[in-house]
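Q: Please take a close look at the largest pocket of this model. Go through its lining, then the parts of the chain that supply it.

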Amino acid sequence: MISPEDLSTLPIDEYAFPGPLRDALVGAILDGRKTSTTSLVADYDLSEEELPVIGERRVVVDSAESPVCVTEVTGVRVVPLGEVDLAHAIDEGEGFETVADWRAGHEKFWHGAEFREWMRDPEFTVTDATEAVLVRFHVTDRA
């Protein structure tokens, strides 16, 4: 168990937006099904955040913004969406069995109103060339 003082020194990791999707993703992290995640380089650019680095520890928060665990980054790749592989899609822990299913699920999120509002672009879309950040991680501590 990590101390509240240690938690306060680590960057926050938020999966999706608060609500059912975040809760499902956090649950998958906690039970070990989710060991990878995908973000867009454009999202990091907009939030002026640095890309994750191997060895970095982050605090995962739930929909109430409460810390639930600490993860450590074990791998980072930046690739075009068209090059995401099946192993990454499966390791996202959301039940995807094909890259096509993974892509459809993620496009639903990235093309949704909430993400487009976050991107400040009501017509934001992704293509095979859109740069994605593929991150692998494991849970090191529970909050």
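A: Helices and strands here are DSSP runs, numbered from the N terminus; a helix has at least four residues and a strand at least two. The model is a predicted one.

Start with the pocket itself. The space in the largest pocket comes to about 830 Å³. Its lining counts 36 residues. Glu14, Tyr15, Ala16, Ser39 and Asp43 are the ones that lie nearest the centre. By type, the lining splits into 18 nonpolar, seven polar and 11 charged residues.

Which elements supply at least two lining residues each? Four strands do: E1 (12-13), E2 (36-40), E4 (67-80) and E5 (131-142). Four helices do too: H2 (20-30), H3 (41-47), H5 (99-110) and H6 (113-119). H5 gives the largest share, five residues.

Take the loop between E1 and H2 next. Ala16, one of the residues nearest the pocket centre, sits in this loop. Its phi is positive, about 55°, although Ala16 is not a glycine. Ala16 has a relative accessible area of 22%, so it counts as partly exposed.

Phe17 is in the loop between E1 and H2 as well. Leaving out residues up to four places away in sequence, Phe17 touches Arg22, Phe109, Glu114, Phe115 and Trp118. Phe17 and Phe109 are 92 residues apart along the chain, yet their C-alpha atoms are separated by 9.9 Å.

That leads to H5, where Phe109 lies. Phe109 is partly exposed, at a relative accessible area of 24%. Its contacts, again without residues up to four places away, are Ala16, Phe17, Leu21 and Phe115. Both Ala16 and Phe17 belong to the loop just described. A second pair gives a sense of scale. Phe109 and Val68 are 41 residues apart in sequence, and their C-alpha atoms lie 23 Å apart in space.

Now turn to E2, which supplies at least two residues of the lining. Five of its five residues are buried, so E2 is largely enclosed by the rest of the structure. Cover is found on both faces: Ser36, Thr38 and Leu40 are buried on one side, Thr37 and Ser39 on the other. Ser39 is also among the residues nearest the pocket centre.

Thr37 belongs to strand E2. With a relative accessible area of 13%, Thr37 falls under the 20% limit and so counts as buried. Setting aside neighbours within four places in sequence, Thr37 is in contact with Tyr15, His88, Glu92, Val133, Leu134, Val135 and Phe137. Tyr15 in that list is another of the residues nearest the pocket centre.

E2 has E5 as its partner: five bridges join them, and they run antiparallel. In this pair, Leu40 stands opposite Ala132 in E5. In general, strands of a sheet pair through backbone hydrogen bonds, either parallel or antiparallel.

Step back to the sheet as a whole. It is open, has five strands with mixed pairing, and follows the order E1-E3-E4-E5-E2. Why is one side of E1 and of E2 left without a neighbour in the sheet? E1 and E2 stand at the edges, and each has a single partner strand, so one side of each has no neighbour there.

Further in, E3 (residues 57-61) and E4 run antiparallel, joined by five bridges. Arg58 stands opposite Thr71 in E4. H2 packs on this sheet and touches E3, E4 and E5. The direction of H2 makes about 95° with that of E4.

Thr71, found in E4, has a relative accessibility of 1% and so counts as buried. Beyond its neighbours within four places in sequence, Thr71 is in contact with ten residues drawn from several stretches of the chain, among them Asp13, Ile29, Arg58, Val60 and Phe137. Others in contact with Thr71 include Glu56, Arg57, His138, Val139 and Thr140.

One last site is the loop between E3 and E4, which holds Glu65. Glu65 is not a glycine, yet its phi is positive, near 70°. At 39% relative accessibility, Glu65 counts as partly exposed.

Key: Residues are numbered from 1 along each chain as its sequence is written. This is a predicted model: local features need pLDDT of at least 70, side-chain atom pairs count only at pLDDT 80 or more; totals for chains, interfaces and linings use all residues. Side-chain values use heavy atoms; hydrogens and water are left out. On a 1 Å grid over the protein atoms alone, a cavity is a set of points where a 1.4 Å probe fits but cannot get out, and a pocket is an open set with protein on both sides within 12 Å along at least five of seven lines; lining residues have an atom within 4 Å of a point. Grid points are joined across faces, edges and corners, and a volume is the space filled by probe spheres set on the points. Ala, Val, Leu, Ile, Met, Phe, Trp, Tyr, Cys and Pro count as nonpolar, Asp, Glu, Lys and Arg as charged, and the others, Gly among them, as polar. Two strands pair if DSSP finds at least two bridges between them. Contact means heavy atoms within 4.5 Å. Axes are lines fitted to C-alpha atoms, for helices over the stretch in contact, and angles run from 0 to 180 degrees between N-to-C directions. Buried means under 20% relative accessible area, exposed over 50%, partly exposed in between (1.4 Å probe, protein chains only).
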